[in-house]
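Here are some short exercises on how helices pack, each with a worked solution. Keep the structure open while you go through them.

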Amino acid sequence: MRLLLVLFLTIASIGASATNKTLDIGLFWNDEPREIVVQPGDGSYTLLGNGQEILQVKKETIVRLKVENGLIHLRTITADLGVFGEVEFKRNTWGSSLKIQRTDHDKKLHEYHDEFVIKPFSGKLRIINHVYIENYVSGVVESEAGSKEPKEYYKVQSVICRTYALNNRRRHEAEGFQLCDKVHCQVYHRRSKSNPDIILGTKETIGIVIVDSDINLITAAFYSNCGGFTCNSEDVWSSRLGYLRERLDPYCHAEPHAYWRKAVSKQEWINYLENKFRYPVADSAALKVALDYCPDIRYHTLNDSIAYVPFKTVRSDWKLKSAFFSIDQVQDSIVIEGRGYGHGVGLCQEGAMNMAKRGFTYDQILQYYYQNIHLVNLSVIDFFRSE
Ligand SMILES: [Zn+2]
Ligand SMILES: [Zn+2]
């Protein structure tokens, strides 16, 4: 009944309500600059120092921010604006964006939408982008999925990104923001600008997130390529999640990361098995299994009746692209032939891209890789939770 109510409300509200939620993203996380130069990209800003208006920052205005003695020193080309414990850039108009350039090793321009709070810490600048969630989502989609995919795929990635962001919004609470801009959370290097289909993909799924049968946001796991067979969550991580189930994937075989190959020394491989897993390498039958292994489907261990050799550990120790592979002895080497790239739990990006090219819709693609899920509008979850 609860689910029916929520789904009914969802249908009533999808497309009709734009959520005005914002996120606080820590920029340049773990590699924060001491000094930056900023300039509006679009629109204009009001610059505040310790909560008081300091300057109207118009398109041609360049402001330099530098940490000095635990405070932020502000300058323009013509004026010294003083030192402050906290600096804010408040946008004057919707759509405003700020270009940020650090003055040290990375001279690239990073342009972000919306507003900024900047504070000094340990001689560096903590730059927090207070960003409208949909502007953040399109920026992440561009960083994570590139600019050459069909729009339907950008819709898939937008829903995943939004779900992930909201599910992990307390990850950096202790540092004073919600998510970082690195792969630790989701890669967010700039506002989306390279392909209008990315912004359209975000807009056409505005506010939509993925929930499980208990109306909880899902762990929207994804990776590059599953090699034709996805994994159960418990085969890779510790917990069993009902929507992360293994399944055949016929859509990613011909994609760039479908196959890989690596040769290693036979003796090193044998020593590794013996030392790490107490594998009985002196037993010729057991040794044959470890040197000549060719599964027809994806298994997660070598042969449990001989010894427990989990492939996820082998993958990590040997830096393999996936834990889905065969082993073949060639003279003094063994050749590991693998399928796919990544952990294999949840959505296969290259399979999903191919499905989008073949005409599947974004909801069909999400339902394919995540089992028994529902797509709902964020405002509906908020409504439901506030009851
Ligand atoms: Zn993070
Ligand atoms: Zn796949």
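**Exercise 1: α3 and α10**

Helix α3 passes helix α10 in a right-handed crossing (the near helix is turned clockwise from the far one by less than a right angle; anticlockwise would be left-handed). Before going on, note that this is a predicted model, where local features need pLDDT of at least 70, side-chain atom pairs count only at pLDDT 80 or more, and totals for chains, interfaces and linings use all residues. Residues are numbered from 1 along each chain as its sequence is written, while chains are lettered from A and ligands numbered from 1 in the order in which they are written.

Task: work out how α3 and α10 are oriented and which residues meet.

Solution:
- Step 1. Find α3 at residues 151–167 and α10 at residues 362–369. Helices here are DSSP runs (H or I, at least four residues), numbered from the N terminus.
- Step 2. Their axes lie 8 Å apart, at an angle of about 55°. Axes are lines fitted to C-alpha atoms, over the stretch in contact, and angles run from 0 to 180 degrees between N-to-C directions.
- Step 3. So α3 and α10 are oblique to each other (under 35 degrees is roughly parallel, over 145 roughly antiparallel, 65 to 115 roughly perpendicular, the rest oblique).
- Step 4. E152, K155, V156 and V159 of α3 meet Y362, I365 and L366 of α10; contact means C-beta atoms, placed from the backbone, within 7 Å.
- Step 5. Sorted by class, that contact has 5 nonpolar, no polar and 2 charged residues (Ala, Val, Leu, Ile, Met, Phe, Trp, Tyr, Cys and Pro are nonpolar, Asp, Glu, Lys and Arg charged, the others, Gly among them, polar).

**Exercise 2: α3 and α4**

Task: describe how α3 crosses α4.

Solution:
- Step 1. The two axes come within 8 Å and cross at roughly 50°.
- Step 2. That makes α3 oblique to α4.
- Step 3. This crossing of α3 and α4 is right-handed.
- Step 4. K151, Y154, K155 and S158 of α3 touch D197, I198, L200, G201 and T202 of α4.
- Step 5. The contact of α3 with α4 divides into 3 nonpolar, 3 polar and 3 charged residues.

**Exercise 3: α2 and α4**

Task: do likewise for α2 (residues 133–145) and α4 (residues 196–203).

Solution:
- Step 1. Their axes come within 9 Å and cross at roughly 135°.
- Step 2. α2 and α4 are therefore oblique to each other.
- Step 3. α2 passes α4 in a right-handed crossing.
- Step 4. On α2, E134, V137, S138, V141 and E142 make the contact, and on α4, I198, I199, G201 and T202 do.
- Step 5. By class, this contact of α2 with α4 has 4 nonpolar, 3 polar and 2 charged residues.

Definitions and conventions. Helix = DSSP H or I, 4+ residues; strand = E, 2+ residues; numbered from the N terminus. Contact = placed C-beta atoms within 7 Å.
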